[in-house]
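Here is a short report on a protein–DNA model. Look at the structure first, then read on.

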Number of protein chains: 2
Amino acid sequence: MATGRTHRPATRSRGIPEATVARLPLYLRALTALSERSVPTVSSEELATAAGVNSAKLRKDFSYLGSYGTRGVGYDVEYLVYQISRELGLTQDWPVVIVGIGNLGAALANYGGFASRGFRVAALIDADPTMAGKPVAGIPVQHTDELEKIITDNGVSIGVIATPAGAAQQVCDRLVAAGITSILNFAPTVLTVPDGVDVRKVDLSIELQILAFHEQRKAGEEVTAPEEAAGAVPPPPVPHRAPSGGPGADSGRQGPDGDVPAVMPA
Amino acid sequence: MATGRTHRPATRSRGIPEATVARLPLYLRALTALSERSVPTVSSEELATAAGVNSAKLRKDFSYLGSYGTRGVGYDVEYLVYQISRELGLTQDWPVVIVGIGNLGAALANYGGFASRGFRVAALIDADPTMAGKPVAGIPVQHTDELEKIITDNGVSIGVIATPAGAAQQVCDRLVAAGITSILNFAPTVLTVPDGVDVRKVDLSIELQILAFHEQRKAGEEVTAPEEAAGAVPPPPVPHRAPSGGPGADSGRQGPDGDVPAVMPA
DNA sequence: CATTGTGAAGCGGTTCACAGCT
DNA sequence: AGCTGTGAACCGCTTCACAATG
């Protein structure tokens, strides 16, 4: 997901599979580490291990970029670092804006990983007027009113949304209207964007829920895998269809704070 | 990735596809919102739109859980909320520990999305002795020395790693040794864990790099898709194989801070 | 008769296994 | 001899399209 629509059948170009693109940063990281240790070459096997994938996949991935290896030898580390950087577009630097400077926004602003990989935090934006001017990670926070101007003036095309869920779509609309075409969304909401705009989403609570699912399975299997494991689970609300009373136990969970105003205050 | 090995062919059970599991939290969120607005039923079409997927996929997903809908009508919201919660294991509460209370760790500790979905922050752990006792999000930070005891005493099975990259594997090993079987990793490193332990990874800089890749493509196409777009890119280091000098321009990028000590101080 | 539930086809990605180079 | 590059088999997920059904 997160990619455009039917995507241009244009240029019929060498289309790199999305799954491969998603792994390139991983390879790049492993290669950078090798580069720092002045390792001149790596085999697909070694690099794959360092990146946490299997070697067949790695070789296939690299084959989409071109033939950058040497049979019988391996890959030249420096050369590969350069090729992957270029492929990912990291040889130029990308100004990004972060909107929503709460706990998470501040954490992102301080994140060293941005600066080191061709990304530059061009501005921090928050709706709270009392935050305006306050420096976070050495960068003064600006008020939302300036959003459009900031984006235009700095030629920003990548935006990070770290606002509460309720504000995310609105912020997103403004970012897009101002010319942003790539968005990294930390707010727990589905963003609607026009075609041509990419959205990637990072959702803390979803990741935890996925872990909980597997965790539950493990717990269940320990005990010879009965149907209801611990047995602490309330009785199924109704055999089928339950429009009557309520959903068995406590479907409402504690606190009607719904989707949670996310991490940061505003 | 992140799931076990060949995975037990055991119980031949109703195996829910991993892709489906990853979407259940999305459905749950949309359903919770409907529930709060007291909407009694939804069609697959409506719910799919709210969750940002297509309806065929949603119906197929639900079909793995059982036949919880009513033909000609749709799905009972409350009932579905309950079923999905139960499937995800959210009807019980999961104590989690967060290790590494820097900017990001603090942001996570303050994240409301945890508490509202059956997750409870059982403890905050940091290696910095001066942080010990200091409350973050109302919870006193404890020193790493206590790690094992905390996990055992609270029966914690899910751990969140928000330490610098350099400390992650070590922390991971201790968590696993102490009994943790699910890990959410925010540190930019590949974690090695024994079979049976699930790891999910959230990597800020990787997401940005993926966006940059697509962004670069867009920029290139605007201008009739020339080979080097902006032209600001340095000349290709060498036609093929480059063991000689260095990798053209600046493969080392600015600052040898390598993989970045992540977000938080320690 | 609107809407679910699902076989079957389609598609993208992974893995295999080996031919091709150095 | 060793390791890359890749066609082909395989596998899981998505999409289609329609039969089943309250």
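## Terms and model

A polar contact here is a pair of N or O atoms within 3.5 Å. By that cut-off, the side chain of B:Arg59 reaches a base of DNA strand C: one of its N or O atoms is 3.0 Å from a base nitrogen. The model is predicted.

## Chain A in outline

Chain A holds 9 helices and 10 strands. Of its 266 residues, 52% are buried. Among contacts in chain A with a separation of 6 or more, 59% are between residues 24 or more positions apart.

## DNA strand C

How many residues surround DNA strand C? There are 23, and A:Arg23, A:Asn54, B:Ser44, B:Arg71 and B:Tyr75 are the closest. Of the strand's atoms that come within 4 Å of the protein, 66% belong to sugar and phosphate. By class, the surface residues near DNA strand C split into 5 nonpolar, 9 polar and 9 charged.

Both chains contribute elements. From chain A, α1 (18-36) and α3 each give at least two residues to this surface. From chain B, α3, β2 (69-70) and β3 (74-76) each do so as well. Two backbone contacts go to phosphate. A polar backbone atom of B:Ser44 sits 2.5 Å from a phosphate oxygen of DNA strand C. For B:Tyr68, the distance from a polar backbone atom to a phosphate oxygen is 3.5 Å.

## DNA strand D

DNA strand D has 24 residues around it. A:Ser44, A:Tyr75, B:Arg23, B:Asn54 and B:Arg71 come nearest. Sugar and phosphate supply 67% of the strand's atoms that come within 4 Å of the protein. The nearby surface counts 5 nonpolar, 10 polar and 9 charged residues.

Here chain A provides α3 (55-65), β2 (69-70) and β3 (74-76), while chain B provides α1 (18-36) and α3 (55-65); each supplies at least two residues. Which part of A:Tyr75 lies 2.7 Å from a phosphate oxygen of DNA strand D? A polar side-chain atom does. A:Tyr68 uses its backbone instead: a polar atom there is 3.5 Å from a phosphate oxygen of the strand. B:Glu18 also places a backbone N or O atom 3.5 Å from a phosphate oxygen of DNA strand D.

## Salt bridges

Over all chains, the structure has 18 salt bridges. One joins the side chains of A:Arg23 and A:Asp61, at 2.7 Å from N to O. This pair links distant parts of the chain: A:Arg23 is in helix α1 of chain A, A:Asp61 is in helix α3 of chain A, and 38 residues separate them. Both residues are buried. A:Arg23 is also among the closest residues to DNA strand C.

Other bridges cross between chains. B:Asp203 meets A:Arg29 at 2.6 Å, N to O. B:Asp203 lies in the loop between β10 (198-201) and α9 (204-222) of chain B, and A:Arg29 lies in helix α1 of chain A, so this bridge joins two chains. B:Asp203 and A:Arg29 are both buried. A further bridge, at 3.8 Å from N to O, pairs A:Asp198 with B:Lys218. Because A:Asp198 is in strand β10 of chain A and B:Lys218 is in helix α9 of chain B, this pair joins two chains too. A:Asp198 and B:Lys218 are buried. With B:Glu215, they form one network of salt bridges that share partners.

## Helix α3 of chain B

Which residues of α3(B) are buried? B:Ser55, B:Leu58, B:Asp61, B:Phe62 and B:Leu65 are. Why do they line one face of the helix? Seen down the axis of α3(B), the buried residues fall within an arc of 120°, so they share one face. An α-helix has 3.6 residues a turn, so residues three or four places apart point the same way. The cover over the buried residues of α3(B) includes α1, α2 (44-51), β3 and α4 (77-88) of chain B.

The two ends can be described as well. At the start of α3(B), a side-chain oxygen of B:Asn54 comes within 3.0 Å of the backbone nitrogen of B:Ala56. After the helix comes B:Gly66, with a positive phi near 140°.

Methods
Residues are numbered from 1 along each chain as its sequence is written. Chains are lettered from A and ligands numbered from 1 in the order in which they are written. This is a predicted model: local features need pLDDT of at least 70, side-chain atom pairs count only at pLDDT 80 or more; totals for chains, interfaces and linings use all residues. Side-chain values use heavy atoms; hydrogens and water are left out. A residue is near a molecule or strand if one of its heavy atoms lies within 4 Å of it. A polar contact is a pair of N or O atoms within 3.5 Å; within protein, one must be able to donate a hydrogen and the other to accept it, and residues adjacent in sequence count only if both atoms are side-chain atoms. Helices (H or I, at least four residues) and strands (E, at least two) are DSSP runs, numbered from the N terminus. Ala, Val, Leu, Ile, Met, Phe, Trp, Tyr, Cys and Pro count as nonpolar, Asp, Glu, Lys and Arg as charged, and the others, Gly among them, as polar. A salt bridge is a side-chain nitrogen of Lys or Arg within 4 Å of a carboxyl oxygen of Asp or Glu. Buried means under 20% relative accessible area, exposed over 50%, partly exposed in between (1.4 Å probe, protein chains only). The arc is that of the directions from the helix axis to the C-beta atoms. Contact means heavy atoms within 4.5 Å.
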